[in-house]
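I opened this notebook to record what I looked up in one structure. The entries follow the order in which I worked.

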Amino acid sequence: MAANADDSRIDPDWPAIPAHMRQALDSAWGNGMPPLASALYARWWQLETWLRALVYVELKTKFGINWAKQLPKTAVDRQQGEKEFHHMQTPDAQNLLAYTDASALFSITLQHWDLFERALLSKSVWTGRIEELRAIRNRIGHCRRPHADDLVRLEQTLRDLNGGAFRAASAFNNQQRAADTWTDLIIDGWMREQHEDAVRLIKHAEQQYDTVFDLRYSRRPWAAAPTAQQTITGAPGFIWHATWYFRGGRSFNLEGFWREVEYWSDPFLLVCADHPYSLSVSFAAVEDPNVVANAIGKCFDAALMNLGRGAAMDSLSWQQRYGDIDPRVHTFSAWTIVDESMAKNISMFGA
């Protein structure tokens, strides 16, 4: 199938695809590859990458720094084995779940069903659907020609998962202030400004850098709501969100920020920055509160050091430039943009 002059009217995004990629698709389709196989792989990419992200967020918020112990050892072995190919390393090289088979991802959702039931289908339906999905995955993995209904089945699964995916992502972004009655190392340190870095940085950032700091939390759909007497520190299913708002239109170098913090980024859950004017670093509340409180201070320093050092750019250019830094750094994904206000007008997978 060759691109023609009318393609831009049929699909305005097609001309925006780099020429060598369009040529590869045209050549493959013209020399034996069924276009259905390309479409099927594209939809599978959406499904499997979403499951990886979901498994990561739920396991990390449940088990903290020990989350990877829930994965099969083969994933670690594969990741280690690929390190010798450092000359062809991909952006997902640091993502242990990228080395985990789809079958293992499915098994994890069933083994920890309490974490995933609100994001997937009913257990009996999901269990049955897994068998069909495994068959489709095997056909893709072995380059077998698809069944005529494979794409229909896969797209129906994505539509069925839409509601649960929305709940999972919007819960992450449903962020609230801690109750006045709570007290712990993180709240005392960063809301009451008792941490040594908070004393040094919060007012200084406002006065000298026009940067405002905020600390909020969110709750995963499977976690019970806290009472007025509780704190979320140490509680599975809760997330701290440390956020910096850069006012005054100054540029920000996200890649420079990541270089500053990467060495001690193990306690990070996600780094979310879908435009140049704010930055949010999240932590599972089950992590050591001393580690989290100190990490916020290090992120604060790194954020200020990289403010005004990046090239000025709009949000789209920002997302394209910084989209491949690390699997935990999100410049455009469900974890950065989806919130409860979008419930009636968003399709998570466009299926």
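The entries below go from the whole chain to its strands and then to one pair of helices.

**Entry 1: the whole chain**

I noted at the outset that this is a predicted model. I then looked up the elements of the chain and found 14 helices and 5 strands. Of its 351 residues, 45% count as buried. For the accessible surface of the chain I recorded about 17,700 Å², and 50% of that belongs to carbon and sulfur atoms. I also looked at contacts between residues at least 6 apart in sequence: 74% of them join residues at least 24 apart.

**Entry 2: strand β2 and its two partners**

I turned to strand β2, residues 238–246. Is this strand enclosed or open? I found that 8 of its 9 residues are buried, so β2 is largely enclosed by the rest of the structure.

I next looked up which strands pair with β2. Strand β1, residues 211–219, runs antiparallel to β2, and 9 bridges join the two. Within this pairing I noted Ser 218, whose bridge partner in β2 is Ile 239. Strand β4, residues 278–284, also pairs with β2 in the antiparallel sense, over 7 bridges. Here I recorded that Trp 240 stands opposite Phe 283 in β4.

**Entry 3: strand β4**

How many of the residues of β4 are buried? I counted 7 of 7, and I therefore describe the strand as mostly covered. I then checked which way its residues point. Ser 278, Ser 280, Ser 282 and Ala 284 point one way from β4, while Leu 279, Val 281 and Phe 283 point the other way. The residues pointing in both directions are all buried.

**Entry 4: strand β3**

I followed β4 to strand β3, residues 268–272, which pairs with β4 in the antiparallel sense over 3 bridges. The two strands form a hairpin, with 5 residues between them. Two positions in this pairing went into my notes. Val 271 stands opposite Val 281 in β4, and Cys 272 has Ser 280 as its bridge partner in β4.

I found 5 of the 5 residues of β3 buried, so this strand is largely enclosed by the rest of the structure. I also looked up the pairing of β3 with strand β5, residues 329–330: the two run parallel and are joined by 2 bridges. Cys 272 appears again here, as it stands opposite His 330 in β5.

**Entry 5: helices α3 and α7**

I closed with a pair of packed helices. Two packed helices are described by the angle between their axes and the distance between the axes. For helix α3, residues 35–63, and helix α7, residues 123–141, I recorded an angle of about 130 degrees, with the axes 11 Å apart. That angle makes α3 oblique to α7. I entered their crossing as left-handed.

Which residues meet between these helices? From α3 I listed Leu 40, Tyr 41, Trp 44, Leu 47, Glu 48 and Leu 51. In α7 they meet Trp 126, Leu 133, Ile 136, Arg 137 and Ile 140.

How values were computed: Residues numbered from 1 in each chain as written. Predicted model: local features only at pLDDT ≥ 70, side-chain atom pairs only at ≥ 80, totals over all residues. Heavy atoms only, no water. Buried < 20%, exposed > 50% of the residue type's maximum accessible area, 1.4 Å probe, protein only. Helix = DSSP H or I, 4+ residues; strand = E, 2+ residues; numbered from the N terminus. Pairing = 2+ DSSP bridges. Contact = heavy atoms within 4.5 Å. Areas by Shrake-Rupley, 256 points an atom, 1.4 Å probe, with all protein chains shown as cover. Axes fitted to C-alpha atoms, helices over the stretch in contact; angles between N-to-C directions. Parallel < 35°, antiparallel > 145°, perpendicular 65-115°, else oblique. Left-handed = near helix turned anticlockwise from the far one by under 90°.
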